[in-house]
Amino acid sequence: MNDIDAWVWWLVAAAALGIPLVVTAMPEFGMLAVGAVAAAIASGVGAGLVVQLLVFVIVSVALIAVVRPVAARHRSQRPRLATGVDALKGRQAVVLERVDASGGRIKLAGEVWSARTLDTGRAYEVGQEVDVVDIEGATAIIM
C-alpha cells in the first residue's frame, strides 16, 4: 500500500465511521471519523503507517476525552427559558371559584384553569391570590 492509497483508505474509514454516527447518533463515531481524517492528512504529507496510526489514536482519544464531558454537561443542564406548563409553575393566580381538594377554578396567565389545593385540608375563596405549585394535565395545583 503506497502513500496515496493510505490516505484514500483513511478517508474511506472516516466515511465508514460517519455512517454509524448518523444511524445511531453516537458522537463518538464522529470523533473517530475526525481522527481518521487527521490520519489521512498525516498520510498525505508523507508520514509512515506508525505515525498515521498514532495520529488517529491521539486525535480520536483527545476528542473523546475533551468533547464528551462538555457535551454531557450541556445535556444535563435544564433550559434557561421555561415554556409551556413549566412557565406557569411558580406564577400567581386569582381564585374565580372556591378551590379545595376536590377542585375549583382560577385565572392563571389570562386563562381560566381548573385547580385543586396541594394541602387537602385547605380551601381558597374567590378573589384570593394563590401560587401555582404544579400542573397535572389541565389542572393547576395551588397553595
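The expected span of a helix, as I will use the term, is 1.5 Å times one less than its number of residues. With that in hand, let me turn to helix 3 in this predicted model, which covers residues 49–76. Helix 3 has 28 residues, and the distance from its first C-alpha to its last is 40 Å, close to the 40 Å expected at 1.5 Å a residue. Even so, helix 3 bends by about 25° at Val67, and a proline, Pro69, follows within four residues of that position.

Next, the packing. Helix 2, residues 27–44, lies against helix 3 at an angle of about 145°, with the two axes 8 Å apart, and the crossing of this pair is right-handed. On the helix 2 side the contacting residues include Met31, Gly35, Ala38, Ala39 and Ala42, while those on helix 3 include Gln52, Phe56, Ser60, Leu63 and Val67. Which residues of helix 3 are buried? They are Gln52, Phe56 and Ser60, and each of these three is also among the residues that meet helix 2. As background, an α-helix has 3.6 residues a turn, so residues three or four places apart point the same way.

Finally, the annotations, which come from an unreviewed UniProt entry. The record places a transmembrane region at residues 6–23 and 53–71. In the model, residues 6–23 are 100% helix, with end C-alpha atoms 26 Å apart, and residues 53–71 are likewise 100% helix, with their end C-alpha atoms 26 Å apart. The record also places an NfeD-like C-terminal domain at residues 85–142; that span is 0% helix and 59% strand, and its end C-alpha atoms lie 14 Å apart.

Key. Residues are numbered from 1 along each chain as its sequence is written. This is a predicted model: local features need pLDDT of at least 70, side-chain atom pairs count only at pLDDT 80 or more; totals for chains, interfaces and linings use all residues. Side-chain values use heavy atoms; hydrogens and water are left out. Helices (H or I, at least four residues) and strands (E, at least two) are DSSP runs, numbered from the N terminus. The bend at a residue is the angle between axes fitted to the seven residues ending there and the seven starting there. Buried means under 20% relative accessible area, exposed over 50%, partly exposed in between (1.4 Å probe, protein chains only). UniProt positions are given in the numbering used here, feature names are shortened, and annotations may be inferred rather than shown by experiment. Axes are lines fitted to C-alpha atoms, for helices over the stretch in contact, and angles run from 0 to 180 degrees between N-to-C directions. A crossing is left-handed if the near helix is turned anticlockwise from the far one by less than a right angle, and right-handed if clockwise. Contact means heavy atoms within 4.5 Å.
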